[in-house]
Amino acid sequence: MNDITFIPISALKGDNVVMESEKTPWYQGATLLHRLETVKTQTDRNQVDFRFPVQNVIRPHQDFRGFAGQVASGSVRPGEEVVVLPSNLTTEVESIVTLDGEQEKASPGESVVISLTDEIDVSRGSMIVRSRNRPEVTRQIDADLCWMDEEKLRTDRPYIVQHGTRETQAYVSNLVYRINVKTLHREEADTLTLNEIGRVELETADPLFIDSYRVNRHTGRFILVDPDTNATVAGGMIRGVGQDVAAVGEESTTRKEQQTSPNVVWEGLAIPREEREAKNGHKAAVMWFTGLSGAGKSTVAKALEERLFDRGIQTMHLDGDNVRHGLSGDLGFSANDREENVRRVGEVSRLFFEQGTFTLCTFVSPYREDRTRVRELLPDGRFLEVHVDCALEVCKERDPKGLYEKAEKGEISNFTGVSAPYEEPEDPEIVVRTDEHDVETCVDQIVDALEARGLIPEAE
């Protein structure tokens, strides 16, 4: 705190609240009301780091497309190079528009509409920043949390985190400690109750664009909302990126650099995939079944494989449990390990694809970014994301392996749907709803989709 003013008051008779009190002749300062009316707060704004959370897309006619919002911090002028998060696309500010017309600068606190020189994907929840001055992009957040709900904090259920104009699902993955507000000492705790404060680590379904609260109060704060009651249950001040997981951008770069061993060159197969496809009588493809545990991914994939095998299709089924018995036997279920598991399976499925095989992959694979990375390994139209959709309550009722029961008892950590988030596919090629249709109906739907895309020949 840079500036603290002490005012002795007593609300019983209004001493120094509105009028000066005769009972405090030793105090020569202003009253509380006067102080509140004259205090300057604009100096608290970050004037350096430009952050523009997009609130709405404005398109009054075909010749104008702008992005409305309030400048959280910093400033920007037309012609400056900016980056749009989360797409990381670079462009320039074309104009800054208000109700009074165009202006030459957008400053902190101003509500403006910014237009860009390029037609790029921007929507509510995006953030426009300077290309050389970016916030941290992460799904793991280290924060101080003030709990404001009668119901205590739970680490086994999801909340909604609202950070600026961006909302996403989040779990409190770790309660580091509770702060004793009387002594300011740190205490071990397994939950927070009403008005208690603690340090926590959050894991979010989608990446957030954050700054430390000490640096930027607007991008360094958030609230947690109960998705069932829509009540605000907590307010948070961000310390930085969680210590257990690095920022998304930095982590992805490191992993990409490590995906290829040094001094090696990709060797093409002696028999090209196209010749294998011609001999097999069908095209090669990778079908990626994603969904909650218990949704029926493996059940549907096995039934589909039998149907395809009977029709002479060369198939291979890569299942989550089988892969973790060998290829990924050294991995756990943290966000990092899940990403590495999907990466390994993606590379294996690519090899089967080049061999001309129709590969079925059944993995929870909770993060969109990981599934997108596998998609990028294959040609357009040869990766099909199959969302095996099923209500969470139905999955819990099925619970074929007793995993939900163990997770809710705390015996399994980082379990998707209980203590870890799941990002549903935004635009999957196929969606089957196993809580509404039986297995054969789902298989029929998938086969019809494969025939329509020309990946397998139609049944005679």
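This briefing walks through one sheet, a handful of aromatic contacts and the cysteines. Keep in mind that the model is predicted. At the heart of the briefing is an open, parallel sheet of 5 strands, and strand 16 gets extra attention, with 6 of its 6 residues buried. Elsewhere there are 5 aromatic pairs to look at, and a search for disulfides comes back with 0.

**The sheet**

- Reading across the sheet, the strand order is 17-18-16-19-20, and the pairing is parallel.
- Strand 17 (315–319) and strand 20 (430–433) are the edge strands; each has a single partner strand, so one side of each has no neighbour in the sheet.
- On average, neighbouring strands here are turned by 20° against each other, ignoring direction.

**Strand 16 and its partners**

- Strand 16 covers residues 285–290 and runs parallel to strand 19 (residues 383–389), with 5 bridges joining the two.
- Strand 16 is also joined to strand 18 by 5 bridges, and that pair runs parallel too.
- Methionine 287 is a handy residue to click on: leucine 360 of strand 18 stands opposite it, and leucine 384 is its bridge partner in strand 19.
- Phenylalanine 289 has valine 386 as its bridge partner in strand 19.

**Helices against the sheet**

- Helix 6 (residues 335–354) packs on the sheet and touches strand 16, strand 17 and strand 18 (358–362). The direction of helix 6 makes about 150° with that of strand 16.
- Helix 7 (residues 368–375) also packs on the sheet, touching strand 16 and strand 19. For helix 7, the angle of about 150° is with the direction of strand 19.

**Which faces of strand 16 are covered?**

- In a regular strand, side chains alternate between the two faces of the sheet.
- Both faces of strand 16 are covered. Ala285, Met287 and Phe289 are buried on one side, while Val286, Trp288 and Thr290 are buried on the other.

**Aromatic contacts**

- The count of aromatic pairs comes to 5. One of them is tryptophan 147 with tyrosine 159: the ring centres are 5.8 Å apart and the planes sit at 75°, so the pair is edge-to-face.
- Tryptophan 147 belongs to strand 9 (residues 136–147) and tyrosine 159 to strand 10 (residues 159–163), so the pair ties together parts 12 residues apart in sequence.
- Both rings belong to buried residues: tryptophan 147 has 1% relative accessibility, and tyrosine 159 has a relative accessible area of 2%.
- Trp288 joins Phe363 and Phe383 in one aromatic cluster.

**Arginines over rings**

- Arginine 157 lies over the face of tyrosine 159, at 4.8 Å from the ring centre.
- The charged end of arginine 139 sits over the ring of tyrosine 367, 3.9 Å from the ring centre.

**Cysteines**

- A disulfide is a covalent bond between the sulfur atoms of two cysteines. The search of the whole structure finds 0 of them.
- Why does cysteine 442 have no bond to cysteine 390? The closest cysteine sulfur to that of cysteine 442 is in cysteine 390, and at 9.8 Å it is too far for a bond; the cut-off for a disulfide is within 2.5 Å.
- Is cysteine 442 buried or exposed? Cysteine 442 is buried, with a relative accessible area of 0%.
- Cysteine 146 counts as partly exposed, at 28% relative accessibility.

Note on methods: Residues are numbered from 1 along each chain as its sequence is written. This is a predicted model: local features need pLDDT of at least 70, side-chain atom pairs count only at pLDDT 80 or more; totals for chains, interfaces and linings use all residues. Side-chain values use heavy atoms; hydrogens and water are left out. Buried means under 20% relative accessible area, exposed over 50%, partly exposed in between (1.4 Å probe, protein chains only). Two strands pair if DSSP finds at least two bridges between them. Helices (H or I, at least four residues) and strands (E, at least two) are DSSP runs, numbered from the N terminus. Axes are lines fitted to C-alpha atoms, for helices over the stretch in contact, and angles run from 0 to 180 degrees between N-to-C directions. Contact means heavy atoms within 4.5 Å. Rings of Phe, Tyr and Trp (its six-membered ring) pair if their centres lie within 6.5 Å; planes under 30 degrees apart count as stacked, over 60 as edge-to-face and the rest as tilted. A charge sits over a ring if NZ of Lys or CZ of Arg is within 6 Å of the ring centre and within 35 degrees of the ring normal.
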